[in-house]
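Thanks for coming, everyone. Please have the structure open on your screens while I talk.

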Amino acid sequence: MAFSFRRLIERKRDGEILRDEEIRWIIGEYSRGALPDYQMSALLMAIFKEGLDQAELAVWTDAMLHSGDVLDFSHVAAPKIDKHSTGGVGDKVSIALGPMAAACGVAVPMMSGRGLGHTGGTVDKLESIPGFRTELDPSEFGVILERIGMVLAGQSETLVPADRRIYALRDATGTVPSIPLIASSIMSKKLAEGLDALVLDVKVGRGAFMKDLDRARLLAETMVGIGRSVGTPVVAVLTDMNQPLGRAVGNANEIVEAIEVLKGGGPPDLVEVCYRLTEEMLVLGGIEADRPAARRRLQEAISSGAAFEKLEQVVEAQDGDPRVLHDPSLLPRAGHEEVVTAPRDGYVARIDAFDIGTAALRLGGGRERKEDAIDPAVGLSVEVKVGDRVETGQPLAVVAWNNGGKLADSLPMITAAFEISDQLGTPLVYGELR
Ligand code: URA
């Protein structure tokens, strides 16, 4: 049935509820190029202002999800569970969590993104491993998943094509920061992976999409609700993104830090978030009854080397050079270092994750424009955490750089990111919803 798109836009503008068949028609027609961008933009703005109720959101997400291929890994016996982060700075969790979960019997069909704005992307980080292929066709993806229990790839072009078009429009029309539109965008892509369950890492703070806890909680509740509406268990964990996660911010250096975690080391905040999220995956998959038991199993997978071996297997299967996992000096390295030091004695009150992420981007570790190439070698090592006591002259960050102009462009932001006073830190995990 055909509808008047203009009438549907007017109804949403006036706060009315759209019917199931109307939503399916909009997404279906827009996906096949039969509705103009200017009208879709108007509808997105109406949704931005008026929202979508729970039933509308469930149908909107389902229609997006079915705009392209929906993967079927029913041939894989293990519980298929992915983790998605809403995006942060220094967030290399996926690179450690995938092998940790797979070593304990979860199948992790992980599709990750590239850097977006000031936030890094797992695919960009993985591509700093020489040879590593992140573009896999669906059949190869399924074969690696079955054989190794995990796969680390980029978002397939054939999954949720509606989101690619709608996201580009949202980006150009100021309608990205809408909770129903973010929730449906993320959940349609994750549900198209044919998952049994999903763990969401909803980042909160200066370096996150959601700057305050109330909005982060609302986004988490909305995504958990979408999971409930389609019968897929979803757990959302709210974690801090006021300061960067771990020490490394960049690309190759973040791979090194993820390897440290898999070898039983790594910065405590990163290790904690990796364990916390992976525990949820093991419990959702029925592998352990509760989180303490899951933690014990994960600790065993790290100390036995099983988790590290999973990463090795995946790197080999995706044509990366596995020698870099044993000798990180084989990863791209920047030619120069600059140390940023504390201007005075005191406590570290703030390390602004947004400023640090933006500085890493300006150094060349991210993209100013979509078509820009990334320099995988540049980045920062943040040497302190909020709450640490520092003395004048103590290193706050070590900046790895290749281009003097880019260094000059990023240094003021790095310096401004640190505030030294008497303030103590913010929590790492704020809560959970299920
Ligand atoms: N990430 C997504 O995939 N979609 C959004 O809308 C926002 C963040």
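Start with strand β8, residues 346-351, and strand β10, residues 389-390. They pair in the antiparallel sense, over 2 bridges. For a landmark, find G346: it stands opposite V390 in β10. Keep in mind that this is a predicted model.

Strand β8 has another partner. That is β12, residues 418-421, joined to β8 by 4 bridges. These two strands also run antiparallel. Here the landmark is Y347, whose bridge partner in β12 is S421.

Now the domains. How does the domain assignment divide the protein? Domain 1 covers 5-51, domain 2 covers 81-326, and domain 3 covers 332-421. Take the centres of domain 1 and domain 3 over C-alpha atoms, and 43 Å separate them.

Next, an open sheet of 4 strands. Its order is β6-β9-β11-β7, and the pairing is antiparallel. Which strands sit at the edges? They are β6, at 248-250, and β7, at 336-341; each of them pairs on one side only. From one strand to the next, the twist averages 20°.

Look inside that order, at β9 and β11. Strand β9 spans residues 379-382, and β11 spans residues 395-401. They pair antiparallel over 4 bridges. One position to click on is L380, which stands opposite V399 in β11.

Two helices go with these strands. Helix α16, residues 353-365, packs on the sheet and touches β6, β9 and β11. The direction of α16 makes about 145° with that of β9. Helix α17, residues 404-417, lies across β7, β9 and β11. Against β11, helix α17 runs at about 160°.

Some of these strands come back in a pocket. The second largest pocket has a volume of about 460 Å³. It is lined by 21 residues, and the closest to its centre are N253, R333, E337, A377 and A400. Which elements supply at least two residues each of that lining? They are α11, at 252-262, plus β7, β9 and β11. Helix α11 gives the most, with 5 residues.

What is the lining made of, in chemical terms? It divides into 12 nonpolar, 4 polar and 5 charged residues.

And where does this pocket lie? It lies between domain 2 and domain 3, because both of them give residues to the lining of the second largest pocket.

Last stop: another sheet. This open sheet also has 4 strands, in the order β1-β4-β5-β13. Here the pairing is mixed. The edge strands are β1, at 81-85, and β13, at 429-433, and each pairs on one side only. The twist averages 15° from one strand to the next.

Zoom in on β5 and β13. Strand β5 is residues 234-240, and it pairs with β13 in the antiparallel sense over 4 bridges. To find the place, go to T239: its bridge partner in β13 is V429.

Two helices pack on this sheet as well. Helix α10, residues 213-230, touches β4, at 197-204, along with β5 and β13. The direction of α10 makes about 165° with that of β5. Helix α12, residues 268-284, touches β1, β4, β5 and β13. Its direction makes about 155° with that of β4.

One spot to revisit on your own screens: the second largest pocket, lying between domain 2 and domain 3, since both give residues to its lining. Start from N253, R333, E337, A377 and A400, the lining residues closest to its centre. Then trace out to α11, β7, β9 and β11. That's my tour. Over to you for questions.

Key: Residues numbered from 1 in each chain as written. Predicted model: local features only at pLDDT ≥ 70, side-chain atom pairs only at ≥ 80, totals over all residues. Heavy atoms only, no water. Pairing = 2+ DSSP bridges. Axes fitted to C-alpha atoms, helices over the stretch in contact; angles between N-to-C directions. Contact = heavy atoms within 4.5 Å. Domains from an automatic or database assignment. 1 Å grid on protein atoms, 1.4 Å probe; cavity = no way out; pocket = protein on both sides within 12 Å on 5 of 7 lines; lining within 4 Å. Points joined across faces, edges and corners; volume = space filled by probe spheres on them. Nonpolar A, V, L, I, M, F, W, Y, C, P; charged D, E, K, R; others polar.
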